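Let's take a friendly walk through a protein structure, looking at which side chains meet and where they sit. Have the sequence and the 3D view ready, and follow along residue by residue.

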Amino acid sequence: DITHRLLKHINNYITIIIFRNPFDRLKSFYLQPHHLEGSLNGVWKPNQTPTFSEFIRNEIKFIDFDEKELMYDRHPFLLTRPKNLLELRKWKTEHFLNIKNIIPNTYYIRYEDLVQNPEKIITEINDKWFNIDFKFKNWTKYKDDERIDYIPKKYFDILHSDYTFLIENID
């Protein structure tokens, strides 16, 4: 049984969980809606692009490439769909924060800290679990393609009414 083998060796695993600023995460997901009903391969289908206001407020349904519903983004006990992306975020955050109760070697990172100072984060992880000599290399090219410089994305501004909704509903 795989669960038994996994639990037997749980102390040999390291789990690294990255949390991202919810505003940027929602904007990124809106621009590349992977597995969302109304999208295909990370792009909204023609005439099915919701406004950002609709996107953050509406119930969501995740689908596979055959447009069958994916069940893993439903509530783990109630099997209900999240009423919106903020509720899904809350469920996932609770789940990720509880992983440390199962896997003792769990490390949490803020995405923004990793982007700001990747060497510091990698060194902390190394010092805590590996203690190996390494030379840090910061990738400055897009997907290691020497022809293309990596340029961080600039996202659109959120309407005041959407910002208010997010602040009022975020966990």
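Leaving aside its neighbours within four places in sequence, which residues is Phe55 in contact with? Phe55 is in contact with Leu26, Phe29, Tyr30, Leu36, Trp44, Pro50 and Leu85. Please keep in mind, as you look, that this is a predicted model.

**The nonpolar core**

Phe55 is a good place to begin. The largest nonpolar core has 19 residues, and among these Phe55 and Leu166 touch the most other members. The elements that give two or more residues to this core are H2, H3, H4 and helix H7, which covers residues 160-169. In soluble globular proteins, nonpolar side chains tend to be buried together.

**Aromatic rings**

Now look at the rings. The count for this structure comes to 13 aromatic pairs. One of them joins Phe19 and Phe96: the ring centres are 6.4 Å apart and the planes stand at 75°, so the pair is edge-to-face, since planes over 60 degrees apart fall in that class. Phe19 lies in strand E1 (residues 15-19) and Phe96 in helix H4 (residues 85-98), so this pair ties together parts that are 77 residues apart in sequence. Phe19 is partly exposed, with a relative accessible area of 23%. Phe96 is partly exposed as well, at 31% relative accessibility.

Another edge-to-face pair is formed by Tyr30 and Phe52, with 5.5 Å from centre to centre and 90° between the planes. Tyr30 belongs to helix H2 (residues 22-31) and Phe52 to helix H3 (residues 52-57), so to find both partners you need to look at two parts of the chain, 22 residues apart.

Are Tyr30 and Phe52 buried or exposed? Tyr30 counts as buried because its relative accessibility is 13%, under the 20% cut-off. Phe52 is also buried, at 8% relative accessibility.

Both Tyr30 and Phe52 are also part of a cluster: ring pairs link them with Phe29, Trp44, Phe55, Phe62 and Phe156. Here you meet Phe55 again, this time as a member of that cluster.

**Charges over rings**

Rings can have charged partners here too. Over the ring of Phe156 sits the charged end of Lys27, 6.0 Å from the ring centre. In a second example, the charged end of Arg57 sits over the ring of Phe165, and the distance to the centre is 4.4 Å.

**Salt bridges**

How many salt bridges does a search of the whole structure find? The search finds 10 salt bridges. Three of them are set out below.

| Salt bridge | N to O distance | Relative accessible area of each residue |
|---|---|---|
| Glu67 and Lys45 | 2.3 Å | Glu67 47%, Lys45 17% |
| Glu69 and Arg74 | 3.0 Å | Glu69 24%, Arg74 19% |
| Lys120 and Glu124 | 3.0 Å | Lys120 46%, Glu124 31% |

The salt bridge of Glu67 and Lys45 links distant parts of the chain, 22 residues apart. Glu67 is in the loop between H3 and H4, while Lys45 is in the loop between strand E3 (43-44) and H3. Glu67 is partly exposed, whereas Lys45 counts as buried.

Glu69 and Arg74 show a similar split: Glu69 is partly exposed and Arg74 is buried. These residues also belong to a network of salt bridges that links Glu59, Glu69, Arg74 and Arg81.

Lys120 and Glu124 both lie in helix H6, 4 residues apart, which is about one turn of the helix. Lys120 is partly exposed, and so is Glu124.

**Two more stops**

Stay with helix H6 (residues 118-130), where you will also find Asn126. Asn126 is buried, with a relative accessible area of 8%. Not counting residues up to four places away in sequence, Asn126 touches Asn131, Ile132 and Phe134.

Finally, find His9 in the loop between helix H1 (2-8) and E1. His9 is partly exposed, at 36% relative accessible area. How far apart are the C-alpha atoms of His9 and Leu26? They are separated by 36 Å, and the two residues are 17 residues apart along the chain. Leu26 may look familiar, for it is one of the residues in contact with Phe55.

Conventions:
Residues numbered from 1 in each chain as written. Predicted model: local features only at pLDDT ≥ 70, side-chain atom pairs only at ≥ 80, totals over all residues. Heavy atoms only, no water. Phe/Tyr/Trp six-rings, centres within 6.5 Å; stacked < 30°, edge-to-face > 60°. Buried < 20%, exposed > 50% of the residue type's maximum accessible area, 1.4 Å probe, protein only. Lys NZ or Arg CZ within 6 Å of the ring centre and 35° of its normal. Contact = heavy atoms within 4.5 Å. Salt bridge = Lys/Arg side-chain N within 4 Å of Asp/Glu carboxyl O. Core = buried A, V, L, I, M, F, W, Y, C linked by side-chain atoms within 4.5 Å.
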